[in-house]
Amino acid sequence: MDSVYDLMLLLDTAAPDAQRAKILSDVEAAISAEGTLVGKHDWGARALAYEIRHTGDAEYHLFQFNATPALLERLHRTLRLTDGIVRFRIIKLAPGTPPPPTVRPEPPRPAEAAPVAEAAPAEPTPAEAAPAEAAAEAPAPAEPAPAPEAEGAGTEEAPAPASE
């Protein structure tokens, strides 16, 4: 029996949909022609851990298949040359490897989080308004006069203590 492999394929989300669909169908056809497709998982568009060639996200696809060494060489060569592929990795699975995880929804990025309402501030409740009104009616304490600054203040070190 042939070994089982995982092919993790990251497609460029900026590529046209037709190009991404063609890449997926070509990969599936190549695997089916010389091997056996065990599983196909579409994990959707996700953020990359770091940018790859100025790309911040990619469309993730996982293919699990049985393959011969000839198929692996052909897949590796084809995927390296194909435009629209950000990254790919073919990994031989050890016997007893658990199935791939189910897809979990990706948490929103901090930049995509809901914007904070910066419009008009909410009106204070009566309990909050009473101390604010009392503070507004009380005379403001006089601010202390600023200390005269010496020329170059903050750039000189403190004088060392005199030795006896």
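Is K40 buried, exposed or partly exposed? K40 is partly exposed, with a relative accessible area of 44%. The views below are close-ups of a predicted model.

**View 1. Overall layout of the chain.**
The chain has 164 residues, and buried residues make up 24% of them. Its secondary structure comes to three helices and four strands. Along the sequence these run in the pattern β-α-β-β-α-β-α. Among contacts with a separation of 6 or more, 73% join residues 24 or more positions apart.

**View 2. The largest nonpolar core.**
This core holds 17 residues. L7, L9, V27, F63, F65, L79 and I85 touch the most other members. Five elements give two or more residues each to this core: β1 (3-12), α1 (17-34), β3 (55-67), α2 (69-81) and β4 (85-92). A second core is separate and has nine residues. M8, L48, A58 and Y60 are included in that second core.

**View 3. Surroundings of I85.**
I85 is one of the core residues that touch the most other members. Leaving aside residues up to four places away in sequence, I85 touches L9, L10, L11, I23, R53 and L79. Two of these partners, L9 and L79, are also on the list of core residues that touch the most other members. Another partner, R53, lies in the loop between β2 and β3.

**View 4. Helix α1 against helix α2.**
The axes of α1 and α2 come within 10 Å. They cross at roughly 165°. That angle makes α1 roughly antiparallel to α2. The crossing of α1 past α2 is right-handed. On the α1 side, the residues that meet α2 are V27, A30, I31 and E34. On the α2 side they are A70, L71, R74, L75 and L79. V27 and L79 also appear among the residues of the largest core that touch the most other members.

**View 5. Salt bridge E34–R74.**
E34 and R74 form a salt bridge. Their closest N and O atoms are 2.6 Å apart. The pair links distant parts of the chain, with E34 in helix α1 and R74 in helix α2, 40 residues apart. E34 counts as partly exposed, at 32% relative accessibility. R74 counts as partly exposed too, at 44%. Both residues also belong to the set through which α1 and α2 meet.

**View 6. Salt bridge E28–K40.**
The side chains of E28 and K40 meet in a salt bridge, at 2.8 Å from N to O. This pair also links distant parts of the chain: E28 sits in helix α1 and K40 in strand β2 (residues 36-52), 12 residues apart. What is the accessibility of E28? E28 has 26% relative accessibility, so it counts as partly exposed. K40, its partner, is partly exposed at 44%.

**View 7. Salt bridge D17–R20 and its network.**
D17 forms a salt bridge with R20. The closest N and O atoms of the pair are 2.2 Å apart. Both residues lie in helix α1, three residues apart, or about one turn of the helix. Their exposure contrasts. D17 is exposed, with a relative accessible area of 56%. R20 is buried, with a relative accessible area of 11%. A network of salt bridges links D17, R20 and E59. In the whole structure, a search finds five salt bridges.

**View 8. The loop between β2 and β3.**
Which residues here have a positive phi? R53 has a phi near 50°, a positive value in a residue other than glycine. H54 has a positive phi as well, near 65°, and is likewise not glycine. Most residues other than glycine have a negative phi. R53 lies in the loop between β2 and β3, and H54 is found in that loop too. R53 is exposed, with a relative accessible area of 60%. H54 counts as exposed, at 77% relative accessibility. R53 also touches I85.

Note on methods. Residues are numbered from 1 along each chain as its sequence is written. This is a predicted model: local features need pLDDT of at least 70, side-chain atom pairs count only at pLDDT 80 or more; totals for chains, interfaces and linings use all residues. Side-chain values use heavy atoms; hydrogens and water are left out. A nonpolar core is a set of buried Ala, Val, Leu, Ile, Met, Phe, Trp, Tyr and Cys residues joined through side-chain atoms within 4.5 Å. Buried means under 20% relative accessible area, exposed over 50%, partly exposed in between (1.4 Å probe, protein chains only). Contact means heavy atoms within 4.5 Å. A salt bridge is a side-chain nitrogen of Lys or Arg within 4 Å of a carboxyl oxygen of Asp or Glu. Axes are lines fitted to C-alpha atoms, for helices over the stretch in contact, and angles run from 0 to 180 degrees between N-to-C directions. Angles under 35 degrees count as roughly parallel, over 145 as roughly antiparallel, 65 to 115 as roughly perpendicular and the rest as oblique. A crossing is left-handed if the near helix is turned anticlockwise from the far one by less than a right angle, and right-handed if clockwise.
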